[in-house]
Amino acid sequence: MLKKLHHWVDNPMARLVVGLILFTTSLVDLLKDLDEGFRAEHGVVVYGFFMILRTLPELQHGLENISSFKEKDN
């Protein structure tokens, strides 16, 4: 059970989706409350952004592996 959970949580696509959700929901909240100034919870925007950035190299590496397998098949 824990092995499946670890495999799912360590999935780059799952982390990308979570990062996008964190980023967009906190950005909407930030834009709504912009006239009240910045607060500590608006740091979630930055955290979500860095979660997205962290997954991009892993996704690029995976796509490169897929394209190299396709080239070997041809």
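Where is the place of R15? R15 sits in helix α2, and a good part of the picture can be built up around this helix. The structure is a predicted model, in which local features need pLDDT of at least 70 and side-chain atom pairs count only at pLDDT 80 or more, while totals for chains, interfaces and linings use all residues. Residues are numbered from 1 along each chain as its sequence is written, and side-chain values use heavy atoms, with hydrogens and water left out.

Helix α2 covers residues 12-32, which makes 21 residues. Helices here are DSSP runs of H or I with at least four residues (strands are runs of E with at least two), numbered from the N terminus. From its first C-alpha to its last, α2 reaches 30 Å, close to the 30 Å expected at 1.5 Å a residue; the expected span is 1.5 Å times one less than the number of residues. The buried residues of this helix are A14, R15, L16, G19, S26 and L30. Buried means under 20% relative accessible area, exposed means over 50%, and partly exposed is what falls in between, with a 1.4 Å probe and protein chains only.

Just ahead of the helix comes N11, in the loop between α1 (2-9) and α2. N11 counts as partly exposed because its relative accessibility is 31%. At the start of α2, a side-chain oxygen of N11 comes to within 2.9 Å of the backbone nitrogen of M13. That is a polar contact, meaning a pair of N or O atoms within 3.5 Å; within protein, one must be able to donate a hydrogen and the other to accept it, and residues adjacent in sequence count only if both atoms are side-chain atoms. Further off is S68: its C-alpha and that of N11 are separated by 21 Å, with the two positions 57 residues apart along the chain.

Back to R15, then. With a relative accessibility of 12%, R15 counts as buried. Once its neighbours within four places in sequence are set aside, R15 is in contact with V9, D10, M51, R54, T55 and E58, where contact means heavy atoms within 4.5 Å. One of these partners deserves a second look: the side chains of E58 and R15 meet in a salt bridge, at 2.8 Å from N to O. E58 lies in helix α3 and R15 in helix α2, so the pair ties together parts that are 43 residues apart in sequence. The term salt bridge stands for a side-chain nitrogen of Lys or Arg within 4 Å of a carboxyl oxygen of Asp or Glu. Side chains of opposite charge can pair when their charged atoms come close. A search of the whole structure finds one salt bridge. As for E58, a relative accessibility of 33% makes this residue partly exposed.

Further along α2 is S26, which counts as buried because its relative accessibility is 8%. Leaving aside neighbours within four places in sequence, S26 is in contact with V44 and V45. The side chain of S26 reaches the backbone nitrogen of V45 at 3.4 Å, and a polar atom of that side chain lies 3.3 Å from the backbone oxygen of F23. H61 is another matter: S26 and H61 are 35 residues apart in sequence and 29 Å apart in space, C-alpha to C-alpha.

The loop between α2 and α3 holds E36 and also E41. E36 counts as exposed, because its relative accessibility is 55%, whereas E41 is partly exposed at 41%. From C-alpha to C-alpha, E36 and N65 are 47 Å apart in space, and 29 residues apart in sequence. E41 and D29, twelve residues apart in sequence, have 9.6 Å between their C-alpha atoms.

Finally, there is helix α3 (residues 43-73), where F49 lies. F49 counts as partly exposed because its relative accessibility is 39%. Together with V46, F50, L53 and L56, F49 forms a nonpolar patch on the surface, with about 450 Å² of accessible area in total. Patches are made of residues with over 30% relative accessible area and no salt bridge; like charges are joined within 9 Å, and nonpolar side chains (Val, Leu, Ile, Met, Phe, Trp, Tyr) within 5 Å. Accessible areas come from the Shrake-Rupley method with a 1.4 Å probe, and for residues only the protein chains shown count as cover.
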